[in-house]
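Reader: Hi! I'm new to this one and would love a friendly walk through it. Could you show it to me first?

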Amino acid sequence: HSPMRSLTGNGESNWKIAVVTNRAPAGRSPQDNTEIRNTQFPRTLVQQAQDAVFATPKTTFGFTSVTLPTVRNRGECPVDADRGNQVTVDAPQYGSDEQFYEALSACADNAEAKDVFVFVHGFNVTTEQALARAAQVAEDMPFHGVVVAFSWGSLGRGEAYLIDELRAERFFWNLAELLANLRSQLGDDVRLHVL
């Protein structure tokens, strides 16, 4: 069993998912993740263009809880609010990278398997959808190690595919840094699996 998985009182699977993202939370600057005071117009058009061309967003680290329904088909990941039998994703709680790697290391030490599953989503995906899918894949395998979801700055819309392609190419450094840090922080006996 994974130390990141537990069962709720009614038998639903609850996964603690490690969240690593280079998305700027709403109302925060993409360069340094500091709070933006004017939330009605957080960035001017010129500033947004500069962000798109020059800014490399800061990586943020945290954890969230994802609950999977008891009744669903393997591979299903219903996240839409109109369904009664859906995946629920709590808002991630972010902290320092030191706290993150310390907590992740403790989870890896308590895991049945010394494996870390790093899930990287594709295009047209929101952070919530990525976290739900990471939990669903881990549950359906079943996976007995530590689950990390990396969420890059996809706009989460089908018509933004070309912009997402540029963002994915541009911001891969955050993912490369994560993989290097996982290797150095968790030790040589931990196996990394990237999907």
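Author: Here is a short chat about the chain as a whole, one helix pair and a few single residues.

Author: This is a predicted model, where local features need pLDDT of at least 70, side-chain atom pairs count only at pLDDT 80 or more, and totals for chains, interfaces and linings use all residues. Residues are numbered from 1 along each chain as its sequence is written, and side-chain values use heavy atoms, leaving out hydrogens and water.

Reader: Thanks! How many helices and strands are there in the chain?

Author: The chain has 5 helices and 8 strands. These are DSSP runs numbered from the N terminus, with helices being H or I of at least four residues and strands E of at least two. From the N terminus the order is β-β-α-β-β-β-α-β-α-β-α-α-β.

Reader: And what share of the residues is buried?

Author: Of the 195 residues, 41% are buried; buried means under 20% relative accessible area, exposed over 50% and partly exposed in between, using a 1.4 Å probe and protein chains only.

Reader: Cool. At what angle do helix 2 and helix 5 cross?

Author: Roughly 55°, and the axes of helix 2 (residues 97-110) and helix 5 (residues 172-186) come within 10 Å. The axes are lines fitted to C-alpha atoms over the stretch in contact, and angles run from 0 to 180 degrees between N-to-C directions. Helix 2 and helix 5 are therefore oblique to each other: under 35 degrees counts as roughly parallel, over 145 as roughly antiparallel, 65 to 115 as roughly perpendicular, and the rest as oblique.

Reader: Which residues make the contact?

Author: Helix 2 brings Tyr101, Leu104 and Ser105, while helix 5 brings Leu178, Asn181, Leu182, Gln185 and Leu186. Contact here means heavy atoms within 4.5 Å.

Reader: Switching topic: is Glu98 buried or exposed?

Author: Glu98, which is in helix 2, is exposed, with a relative accessible area of 55%. Its C-alpha atom is 9.2 Å from that of Phe61, 37 residues apart along the chain.

Reader: Where is the cis peptide bond?

Author: The bond from Met141 to Pro142 is cis, with omega near -10°. Pro142 lies in the loop between helix 3 (127-140) and strand 7 (146-151).

Reader: One last thing, what about the phi of Asn124?

Author: Asn124 is not a glycine, yet has a positive phi of about 60°. Most residues other than glycine have a negative phi. Asn124 sits in the loop between strand 6 (115-120) and helix 3, and is partly exposed at 38% relative accessibility.
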